Amino acid sequence: MNILVTGGAGFIGSNFIFYMLDQHPEYRIVCLDALTYAGNLETLEPVMENDNFRFVKGDIRDREFVFDLFEEENFDMVVNFAAESHVDRSIEDPGVFLETNIMGTQVLMDACREYGIERFHQVSTDEVYGDLPLDKPELMFTEDTSITTSSPYSASKASADLLVEAYNRTFGLPVTISRCSNNYGPYQFPEKLIPLMISKALAEEKLPVYGKGENVRDWLYVEDHCRAIDLILHEGQDGEVYNIGGHNERSNLEVVKTILDELDKPESLITFVEDRAGHDLRYAIDPTKISNELGWEPTILFDEGIKKTIKWYLDNKEWYGNIEDNKL
Ligand code: NAD
């Protein structure tokens with residue numbers, strides 16, 4: 001099995017590469033990544049010497065380059081993580097989100113059509129479902145929830161999902177899509193909530209929290225996500241969408257207070273800042289389909305996962321220190 005993983009120098013993609021090389025030592029994994037501000041080759045150091053791993057620097061928007069790579073490698077499957085992924089940046093500058101997240105996905109699928117593959121898997125997000133009210137905890141996103149986007153980021157991801165479904169229907173491209181909730185764990189770029197708050201708390205700097213910190217996210221430990229994608233690749237049905245969620249809803253304020261508590265830092269470090277424009281209130285995933293059909297369940301609950309994550313950042317200060325110096 002020769003699998004192309006795009007965006008593998010980023011947070012979830014790198015964790016997925018480690019997971020797959022560990023679970024399927026006989027598989028070959030090729031990582032294609034443009035190394036934008038969010039990509040970090042240092043993250044992939046542990047697998048660079050692995051004979052079954054190859055890193056290729058390149059852009060999924062570059063049709064000629066992507067087609068040459070497919071010609072050379074004869075991939076069996078493609079897992080597309082490559083994306084511009086930060087909502088705040090999409091509000092500042094939407095253009096690159098449309099180019100990478102939509103057009104880049106099209107280039108990859110065109111190459112899949114040309115060279116033939118067993119499966120194209122699109123890594124999507126629960127943000128394509130818009131948001132839920134804070135006062136109706138019984139409501140959750142299912143795969144049938146309508147697509148209603150709030151930010152240029154989520155609009156670009158939703159557009160890509162629709163294109164993936166269209167390539168399946170029109171061209172018969174074998175595809176699957178997964179829509180997951182907020183991930184956390186090792187190697188996450190410190191612009192995202194959890195690593196940002198950990199690094200600020202360690203430095204005893206102010207912790208900026210949007211609005212009143214009431215927005216609720218459903219936290220998914222990254223390794224549980226990787227296992228779900230592995231299952232979908234091998235047992236998921238062609239053309240299907242699978243929601244992946246941890247049943248671990250927390251308000252942003254709860255998350256930040258937990259981090260401060262774990263690090264023994266005072267809550268007085270919390271500073272409320274002006275809310276994000278169009279800020280989604282609540283995300284909550286109903287993972288019944290993947291649970292019933294593929295037997296997936298989250299194994300790491302938030303209280304355990306946040307401890308593991310904080311420990312990882314404490315043990316790897318150099319990793320995020322290098323990023324902060326070079327890229328933030
Ligand atoms: P990330 O920002 O950490 O990593 C993205 C990677 O893609 C980086 O390594 C970057 O260099 C690469 N990349 C960007 N543009 C590229 C291009 N044009 N060509 C090739 N490579 C390019 O993102 P992440 O948090 O790991 O997210 C991975 C995927 O999962 C994304 O598609 C994202 O939409 C989705 N997702 C993430 C979350 C989350 O909580 N992080 C939740 C739901 C869905």
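1. Which residues does Asn101 touch, not counting residues up to four places away in sequence? In this predicted model, the list is Ala83, Glu84, Val96, Tyr153, Ser156, Lys157 and Ala160.

2. Asn101 sits in helix α4, which covers residues 95-115. Asn101 has a relative accessible area of 2%; because the cut-off for buried is under 20%, Asn101 counts as buried. Its side chain also reaches the backbone nitrogen of Glu84, at 2.9 Å.

3. Two residues on the Asn101 contact list, Tyr153 and Lys157, return at the ligand. They are among the closest of the 29 residues that surround the ligand, along with Ile12, Asp33 and Ser85.

4. Polar contacts to oxygen atoms of the ligand come from side chains and backbone. An N or O atom in the side chain of Asp33 is 2.6 Å from a ligand oxygen, and a polar side-chain atom of Ser85 lies 2.6 Å from a ligand oxygen. For Leu35, a polar backbone atom is 3.5 Å from an oxygen of the ligand. The protein buries 97% of the 830 Å² that the ligand exposes when taken alone.

5. The shell around the ligand consists of 13 nonpolar, twelve polar and four charged residues. At least two shell residues come from each of α1 (11-23), β5 (119-125) and α5 (152-171). The largest share, three residues, is supplied by β5.

6. On annotation: UniProt lists residues 4-309 as "domain: NAD(P)-binding", in an unreviewed entry. Across residues 4-309 the chain is 40% helix and 17% strand, with 27 Å between the end C-alpha atoms.

Note on methods
Residues are numbered from 1 along each chain as its sequence is written. This is a predicted model: local features need pLDDT of at least 70, side-chain atom pairs count only at pLDDT 80 or more; totals for chains, interfaces and linings use all residues. Side-chain values use heavy atoms; hydrogens and water are left out. UniProt positions are given in the numbering used here, feature names are shortened, and annotations may be inferred rather than shown by experiment. Helices (H or I, at least four residues) and strands (E, at least two) are DSSP runs, numbered from the N terminus. Buried means under 20% relative accessible area, exposed over 50%, partly exposed in between (1.4 Å probe, protein chains only). A polar contact is a pair of N or O atoms within 3.5 Å; within protein, one must be able to donate a hydrogen and the other to accept it, and residues adjacent in sequence count only if both atoms are side-chain atoms. Contact means heavy atoms within 4.5 Å. A residue is near a molecule or strand if one of its heavy atoms lies within 4 Å of it. Accessible areas come from the Shrake-Rupley method with a 1.4 Å probe; for residues, only the protein chains shown count as cover. Ala, Val, Leu, Ile, Met, Phe, Trp, Tyr, Cys and Pro count as nonpolar, Asp, Glu, Lys and Arg as charged, and the others, Gly among them, as polar.
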